[in-house]
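Good morning, and thank you for making time on the agenda. I would like to take you through one structure, and I ask that you keep the display in view while I speak.

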Number of protein chains: 2
Amino acid sequence: MMNGAQTLIRTLVASGVDVCFSNPGTSEMHFVAALDQVPEMRAVLGLFEGAVTGAADGYGRMAGRPAATLLHLGPGLANGLANLHNAMRARTPIVNVIGDHATYHKQYDAPLESDVEGYARPVSGWVVTSQAPERVAGDGARAVAAARAHPGQIASLILPADVSWGAAEGPAPPVEPQPARQVPETTVEAIAEVLRGGEPCALLMGGTAVLREGLMHGARVATKTGAKFLCETFPARLSRGAGVPVIERLAYLAEMAAGQLAGLKHLVLVDTKAPVSFFAYPDKPSYLVPEGCSVHTLAAPGDDAVGALSNLSEALGAAGDSPPVQAGSQPDAPTGPLDAKAVGEALCRMMPEGAIVVDEGNSAGVFVPIFTMGAPAHDWLCLTGGAIGQGIPVATGAAVACPGRRVINLEADGSAMYTLQGLWTQARENLDVTTIVLSNRAYAVLDMELSRVGAEAGGERARAMLDLSRPELDFALLARGMGVPATRATTAEAFSQQLQAALAQSGPNLIEAVL
Amino acid sequence: MMNGAQTLIRTLVASGVDVCFSNPGTSEMHFVAALDQVPEMRAVLGLFEGAVTGAADGYGRMAGRPAATLLHLGPGLANGLANLHNAMRARTPIVNVIGDHATYHKQYDAPLESDVEGYARPVSGWVVTSQAPERVAGDGARAVAAARAHPGQIASLILPADVSWGAAEGPAPPVEPQPARQVPETTVEAIAEVLRGGEPCALLMGGTAVLREGLMHGARVATKTGAKFLCETFPARLSRGAGVPVIERLAYLAEMAAGQLAGLKHLVLVDTKAPVSFFAYPDKPSYLVPEGCSVHTLAAPGDDAVGALSNLSEALGAAGDSPPVQAGSQPDAPTGPLDAKAVGEALCRMMPEGAIVVDEGNSAGVFVPIFTMGAPAHDWLCLTGGAIGQGIPVATGAAVACPGRRVINLEADGSAMYTLQGLWTQARENLDVTTIVLSNRAYAVLDMELSRVGAEAGGERARAMLDLSRPELDFALLARGMGVPATRATTAEAFSQQLQAALAQSGPNLIEAVL
């Protein structure tokens, strides 16, 4: 006879979920105990739930299938919500398993009692509280299917302690997830017609369309028709580098994005939404599509965007074309003061093929992408939801998903401090992650935003809220305190040398790039 | 002409809220800019929202009036929810100011768009989204009044960016908060009658009743009537030490609490609820009141518990009595291996009068209270809601509230890693906080709970989820990385020496007590 927890873990494994990022508590102890009965499930411990949920996001983006999380009641889930927000924006498949008090215990309003479903709902496409031990296996199978609905979403399964410890029959068979919706031929033909029309046009690509296959189809279409080839500002996962079609990312700053979109008569959306500014600013527009520009949707999120692009390139007679791709480049070794250019050039020289770059470099790292365009082909993972503290955890999960590929985490100092605990998991699991902290000792993006929002700024007390220099953070000490070897670089030469050494080591390491 | 943000900050100050624990983002930049116009408001920067909300909790518990927080949209609030959960359980007054997108921007579903009210509701007694610049001052005054409703609650004011930057008239006058409800004489007399009856009886005290004044009244009642004198398991703030009446805290372990309550015929609740077990366990009761024991409520939360106790002692003819109080004690200097007893004895010898002890020592620290009973009078602040990661932030806020009083933070290693970022704020503000990390390199409470819940435990993979030793955390490095001087002790002698030095220094410091 099994208990509910055992049937749940076996069901998850049978459904293809075999990694569980965990930070358990008392109400999850039966789930934890059951790990020893199901060795196919790999449990990875995190020291804070933001590190756990962010790791599940990184894993899902790279593996293309969900990891599970194991979280402790409402407050444990709450600690993981910000990175679940980012994962929701990335449309990453994740199965949250959230322990709760025993069903009969909830009436007593014990100290940890909370509204778990209420916390889960804003970030989840599917929320179910399992009501009985004999039902939890089926609920688990449905949770995995929900998470895998194309392209992915967050499914939150709440697991009361007595459902976990009660007697249950056995695991449930996998449930087939909802596949991608096919885009009708008429839609493809209508958009082909627009593109043939010769008016100024752009393809705006995102989501599943900006991996290599979608980019190849899209680039054929853009080249054939003369359309601009644009990518959403913060894609969840973008293929780029030598041999991959070049795509121009829409700028974060609305003023710059407006320039990229100016003069367009048609904007064709491929697995993304019409562009809006990240924040509102006094007397500036929120909606960035220029007046007189028609918006057409080739593929909405949930559609088979790659199939639609393939059909579109076929309709336009471009299916066999070889679109232009990025040439490889090898910049000179950077010298002198350390800045984003030097970081980018050093990376471009040394990044191994198949690297995974997790980019939470924010303001300090904004120019690194430009200098790494010609690096060997790699994936670039962005901060999708704007909730900082994503980088270290996502890098952790990406490394779990892709052993053998080097993960490079470009991390702003302010953001690094949100979920620094992820470094400990990298050390514990000996993951090949190189973290580069771009240390400017400020919330520099806010320094810029303070003037952009038109605030009467510049006062000493306002500036103090953006300043991280008193006291100075020492990231090398912080990393070593969690078992991650670390160095500090203040010149381009030192950085290059440290990066070369870091990329040659197995396991995690960290370089504080003092800018 | 002022803008909305300026009128809000001036209103907060006029209503008695002059500290704002902050982690702002772009949507809060007008609020930040306005800080330079209102120097009476002290803004304290935190590097993570859990550190911000926990500091507001510590401040509110010690100051008896709310601090404000400044949080960045839904994800920023989400990061602070776990410590708001603890603050809600502590009934701490807090005014959250949560920035949001401009009202007209929300329709565009920009990356940071989220359900801010939905996140705020589970922890807040009052939630309002301010709708216009000319209304935000009044909303602010009502938020403070809501937070100050006796004994305190969380008020969440959501501040859209355009409400912040739009033109407004001026600040609003303070609004009178709801006072404590008076307990009717008939209730007091009925309970006096029960106590006079001579059956086995206990007073169970909590909330506002376990500060010195309430304890004095309660001890008079208990002494006069022979009632047991009990305190809830995790009081928000307990007065204790030499010269303060001794009260027995109800144990965390239900088995032990059941022993404390066994044989009672009457349980009188004073600003607390009938005791329930913290978690549910198979085949063990959740409700801890023994069969045949009647429960009487002298004062429910929100009632004037101290007034009711005073009236009760009067009704019993005990008003003028001198109840027994704790004698001072000076244990011998501890020697040999470092354990909780040695930590407690060293503290008892050295703790200055008026110290504030923030206790998140969890399993490693469970015996420290026993060994510090005879220390000079002090306050003891507990983990009220069970969401770990409270200690460092609450210590930070308590130190801001009480300059001149030494704060001692007993911190478990696992819990410390949740909100370690608070150390940086302690360094930045030069707060007199001594953090003692009780380092046992495990989630030891879970080790115990794993067997208590009856899980088939002991497997290697289950145990790995409770183990913090691979790699070892070095808290001295972690503290120094954030600008806090730190040492490490492995013997009682070294700990005593380091504690003496730490308590003599101004500003923060940390001792890793390796157990």
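Let me begin with a convention: a crossing of two helices is called right-handed if the near helix is turned clockwise from the far one by less than a right angle, and left-handed if it is turned anticlockwise. Please also bear in mind throughout that this is a predicted model.

With that convention, please turn to chain A and to helix α3, residues 49-63, and helix α14, residues 391-401. Their axes come within 6 Å and cross at roughly 45°. Angles from 35 to 65 degrees fall in neither the parallel nor the perpendicular class, and α3(A) and α14(A) are therefore oblique to each other. As for the hand, α3(A) passes α14(A) in a right-handed crossing. On the α3(A) side the contact includes A:G50, A:A51, A:G54 and A:A55, and on the α14(A) side the residues met include A:P393, A:V394, A:G397 and A:V400. Sorted by class, this contact between α3(A) and α14(A) has 12 nonpolar, 5 polar and 2 charged residues.

I turn now to the relation between the two chains. In general, two copies of a chain are related by a rotation about an axis and a shift along it. What rotation and what shift superpose chain A on chain B? The rotation is 180°, the shift along its axis is 0.0 Å, and the RMSD is 0.0 Å. The two copies are thus related as by a two-fold rotation axis. Within chain A, the C-alpha nearest that axis belongs to A:L478, at 2.4 Å from it. Both copies use the same surface, in that 98% of the contact residues of chain A recur in chain B.

How many residues does each chain bring to the contact? Chain A gives 83 residues and chain B gives 81 residues. On the side of chain A that touches chain B, the largest share comes from helix α4 of chain A, residues 73-90, with 8 residues. The make-up of that side of chain A is 49 nonpolar, 21 polar and 13 charged residues.

Helix α4 deserves a moment of its own. The helices α4(A) and α4(B) pack with their axes 8 Å apart, at an angle of about 170°. That angle makes α4(A) roughly antiparallel to α4(B). Here the hand is the other one in our convention: α4(A) passes α4(B) in a left-handed crossing. From α4(A) the contact takes A:G74, A:P75, A:A78, A:N79, A:L81, A:A82 and A:H85, and from α4(B) it takes B:G74, B:P75, B:A78, B:N79, B:L81, B:A82 and B:H85. By class, the residues of this contact between α4(A) and α4(B) are 8 nonpolar, 6 polar and no charged. One backbone detail belongs to the same helix: A:L73, found in α4 of chain A, has a phi near 55°, a positive value in a residue other than glycine.

Next, the sheets. In chain A, 6 strands form an open sheet with parallel pairing, in the order β3-β2-β4-β5-β7-β6. Which strands stand at the edges? They are β3 (42-45) and β6 (126-129) of chain A, each with a single partner strand, so one side of each is left without a neighbour in the sheet. On average, neighbouring strands of this sheet are turned by 20° against each other, direction ignored. The edge strand β6(A) runs parallel to β7 of chain A, residues 154-160, and 4 bridges join the two. Within β7(A), A:S156 stands opposite A:V127.

Just ahead of that strand there is a feature worth locating on the display. A cis peptide bond joins A:H150 and A:P151, with omega about -5°, and A:P151 is placed in the loop between α6 (136-147) and β7 of chain A. Chain B likewise has a cis peptide bond between B:H150 and B:P151, with omega about -5°.

Finally, in chain B, an open sheet of 7 strands with mixed pairing follows the order β11-β16-β15-β17-β18-β20-β19. Its edge strands, β11 (238-240) and β19 (486-489) of chain B, each pair on one side only. Inside this sheet, β15 (356-360) and β16 (378-382) of chain B run parallel and are joined by 4 bridges, and the bridge partner of B:D359 in β16(B) is B:C382.

Thank you; I am glad to take questions.

Technical notes:
Residues numbered from 1 in each chain as written. Chains lettered and ligands numbered in written order. Predicted model: local features only at pLDDT ≥ 70, side-chain atom pairs only at ≥ 80, totals over all residues. Contact = placed C-beta atoms within 7 Å. Nonpolar A, V, L, I, M, F, W, Y, C, P; charged D, E, K, R; others polar. Axes fitted to C-alpha atoms, helices over the stretch in contact; angles between N-to-C directions. Parallel < 35°, antiparallel > 145°, perpendicular 65-115°, else oblique. Least-squares fit on C-alpha atoms with pLDDT ≥ 70 in both. Pairing = 2+ DSSP bridges.
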